[in-house]
Amino acid sequence: MHPPQRILVLDDDHASGRFVSDAAEGMGLGCLATTDPMTLLDSVRPDTALIFLDIVMPHVDGIELLKMLSHNGCTARIVLMSGADTRILETTEEWGKSLGLEIVGFLQKPVALAEVERMIGTYQSPVTDASSLD
């Protein structure tokens, strides 16, 4: 039996991160939500299936985080999130893909529960690593 999938959420707004995390956990999936970019980077493992990434952060923006994830060889699927204009999200999505990251879409804030659940349901993948969420 496989452990629950790992989903990571980075959002500078604790309530928004918790919203996504609660949705994932409600679907029976392991999830870690954080407001700290370094915690996110340190938490990415081979069994990380999906990352929800706020692209507008106060100290390290989403563009810089995408560069770091690419540099670290991240293979997780990534969903971008922001209250920014759709054009900014689309441009960031294309840029992330050019870095070799698997950007699977974006959510414009405020997000609805059905949108989060759809993203999770569509982009969860089989877990190949037997380690569990700490």
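1. Order of elements. From the N terminus on, the protein chain of this predicted model follows the order β-α-β-α-β-α-β-α-β-α. In total, five helices and five strands are present in the protein chain.

2. Overall burial and contacts. The protein chain has 134 residues, and buried residues make up 43% of them. Its accessible surface comes to about 6700 Å², with carbon and sulfur atoms contributing 53% of that area. Among contacts in the protein chain with a separation of 6 or more, 72% join residues 24 or more positions apart.

3. The largest nonpolar core. In soluble globular proteins, nonpolar side chains tend to be buried together. Here the largest nonpolar core contains 19 residues, and the members with the most contacts inside it are I51, L53, L66, L69, I78, L80 and L101. Two or more residues each are supplied by β1 (6-10), α2 (37-43), β3 (48-54), α3 (62-71) and β4 (77-82). Of these elements, α3 gives the most, with three residues.

4. I78 within that core. Leaving out residues up to four places away in sequence, I78 touches I51, L53, L66, L69 and L101. The list of residues touched by I78 also includes E102, I103, V104 and G105. I78 is itself listed with the residues that have the most contacts inside the largest core, as are I51, L53, L66, L69 and L101.

5. The second core. A separate core of 17 residues is also present, and V9, V20, M81 and V111 are among its members.

6. Packing of α1 and α5. Two packed helices are described by the angle between their axes and the distance between the axes. For helix α1 (residues 14-26) and helix α5 (residues 113-123), the axes come within 10 Å and cross at roughly 55 degrees; the two helices are therefore oblique to each other. Their crossing is right-handed. On the α1 side the contact is made by F19, V20, A23 and A24, and on the α5 side by L113, V116, E117 and I120. V20 of this contact is also a member of the second core.

7. Packing of α3 and α4. The axes of α3 and helix α4 (residues 86-98) likewise come within 10 Å, with a crossing angle of roughly 15 degrees. Because angles under 35 degrees count as roughly parallel, α3 and α4 are described as roughly parallel to each other. This crossing is right-handed. I63, L66 and K67 of α3 make the contact with T92, W95 and G96 of α4. L66 is also touched by I78.

8. S21. Is S21 of helix α1 buried or exposed? S21, which is found in helix α1, has a relative accessible area of 0% and is therefore buried. Not counting residues up to four places away in sequence, S21 touches V9, C31 and A33. V9 is included in the second core.

9. V44. The loop between α2 and β3 holds V44. Its relative accessibility is 24%, so V44 counts as partly exposed. Apart from neighbours within four places in sequence, V44 is in contact with L8, I51, L69 and C74; I51 and L69 are among the residues with the most contacts inside the largest core. V44 and T75 lie 31 residues apart in sequence, with a C-alpha to C-alpha distance of 9.3 Å.

Technical notes: Residues numbered from 1 in each chain as written. Predicted model: local features only at pLDDT ≥ 70, side-chain atom pairs only at ≥ 80, totals over all residues. Heavy atoms only, no water. Core = buried A, V, L, I, M, F, W, Y, C linked by side-chain atoms within 4.5 Å. Buried < 20%, exposed > 50% of the residue type's maximum accessible area, 1.4 Å probe, protein only. Helix = DSSP H or I, 4+ residues; strand = E, 2+ residues; numbered from the N terminus. Contact = heavy atoms within 4.5 Å. Areas by Shrake-Rupley, 256 points an atom, 1.4 Å probe, with all protein chains shown as cover. Axes fitted to C-alpha atoms, helices over the stretch in contact; angles between N-to-C directions. Parallel < 35°, antiparallel > 145°, perpendicular 65-115°, else oblique. Left-handed = near helix turned anticlockwise from the far one by under 90°.
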